[in-house]
Amino acid sequence: MASTVTSSFLSTPIFAPPSSSLFSPKPTHATPTRRSHTPRASMSAAPPPPYDFASLKFNPIKESIVSREMTRRYMTDMVTHADTDVVVVGAGSAGLSCAYELSKNPAVNVAIVEQSVSPGGGAWLGGQLFSAMVVRKPAHLFLDEVGVEYDEQENYVVIKHAALFTSTIMSKLLARPNVKLFNAVAAEDLIVKDGRVGGVVTNWALVSMNHDTQSCMDPNVMEAKVVVSSCGHDGPFGATGVKRLKSIGLIDSVPGMKALDMNRAEDAIVRLTREIVPGMIVTGMEVAEIDGAPRMGPTFGAMMISGQKAAHLALRSLGLPNALDSAENVHPELVLAAAESVEIADA
């Protein structure tokens, strides 16, 4: 299942943000990054490592220095993101794609809250625990931008192992100075003021999982101008963003996703990605839960493009340049990504 069931819910530029291959002017001809190829065998020996194993000795360090370095840097990040621009709840394929797109603007601070120690959600494997990841066109343009190799077919591409996508996008995303991933942190609740979502209530994930076994363990908070909920489809930690909106009366119902229809599902997920209540955008498979869209099964293109669309909705909410307000810069293939329809998808 191409899901993002990952969260328990939710200065001076120093790098040049790359242009988006999905939301920038379309080139005159498509040039995918790679086709399948077989590496040429080499008989030359690998170069030796730059140290001698027989006499290797690490530089000395005090244990307290290690503790201070970890603590100081983490606490600095917590102070920085106690009041941030965008909080992305859930680091599955949609959440990571959203954060990646947002991070191209170095003026936008992005905090990612992920309940698991291991971010990535269901995007470490394809369907039924198989390795390959299938991505329908035109989402391969996003793979070209991120730099993920694939085997190209007529209407889709196949990544050799889903972990190649997840590890590649994370390595580039987390290197950017305006992004912080808070993994092993749960978003337990929302901050809501006058009908607008204004942030998330956080706690250590292990604490959240043990509220019934311990005395009261109060949470912390992150204020944000925009919250993007990418908590995935229903499950132990899924769809918790929209379920909380329903429980506090901000939305009327969460009907749940319908039966699998891969072709209709992916278009619907992208089309229905939107700001569902003031201050909160829903992306990825959580969209199917709130709109009754079909489930898509093991194909991931809609997760990526839904995440990108959510990022541009967030930029719009922040009053910043975005692709949705510049229709001439959107690929014709991605017109669904810029649509504002809120119709329920039929299964």
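## Loops, strands and salt bridges

Q: Where in the chain would you look for Gly 256?
A: Look for α6 (240-247) and α7 (262-272), which flank the place of Gly 256; helices (H or I, at least four residues) and strands (E, at least two) are DSSP runs, numbered from the N terminus. This is a predicted model, where local features need pLDDT of at least 70 and side-chain atom pairs count only at pLDDT 80 or more, while totals for chains, interfaces and linings use all residues. Residues are numbered from 1 along each chain as its sequence is written, and side-chain values use heavy atoms, leaving out hydrogens and water. So the place to look is the loop between α6 and α7.

Q: Is Gly 256 buried or exposed?
A: The cut-offs are under 20% relative accessible area for buried, over 50% for exposed and partly exposed in between (1.4 Å probe, protein chains only). Gly 256 comes in at 12%, so it counts as buried.

Q: Which residues is Gly 256 in contact with, leaving aside its neighbours within four places in sequence?
A: Contact here means heavy atoms within 4.5 Å. With the sequence neighbours set aside, the partners of Gly 256 are Ala 288, Glu 289 and Gly 292.

Q: How many salt bridges does the count come to?
A: To get counted, a side-chain nitrogen of Lys or Arg has to be within 4 Å of a carboxyl oxygen of Asp or Glu. One of these networks links Glu 69, Arg 72 and Arg 73. By this rule, the count is 12.

Q: How many residues apart in sequence are the parts that Asp 77 and Lys 180 tie together?
A: The two side chains meet in a salt bridge at 3.3 Å, N to O. Asp 77 belongs to helix α1 and Lys 180 to strand β6 (residues 179-183), so the pair ties together parts whose separation in sequence is 103 residues.

Q: Which residue forms a salt bridge with Arg 244?
A: Arg 244 is partly exposed at 29% relative accessible area. Its closest N and O atoms with the partner are 2.6 Å apart. The pair links distant parts of the chain, 55 residues apart: Arg 244 is in helix α6, and in strand β7 (residues 185-193) you find Asp 189.

Q: Which strands do Glu 223 and Lys 193 lie in?
A: Their side chains meet in a salt bridge of 3.9 Å, N to O. Glu 223 is partly exposed at 35%, whereas Lys 193 counts as exposed at 54%. Their pair ties together parts 30 residues apart in sequence, because Glu 223 is in β9 and Lys 193 in β7.

Q: What is the strand order in the open sheet of 3 strands?
A: Two strands pair if DSSP finds at least two bridges between them. The pairing in this sheet is antiparallel, and the edge strands, each pairing on one side only, are β3 (133-136) and β4 (151-152). β4 pairs with β5 (residues 156-159) over 2 bridges, and the order reads β3-β5-β4.

Q: Which residue does UniProt list for "modified residue: 2,3-didehydroalanine (Cys)"?
A: UniProt positions use the numbering here, with shortened feature names, and annotations may be inferred rather than shown by experiment. The residue is in the loop between α5 (205-208) and β9 (220-229), and it is exposed, at 69%. In UniProt's unreviewed entry, it is listed as Cys 216.
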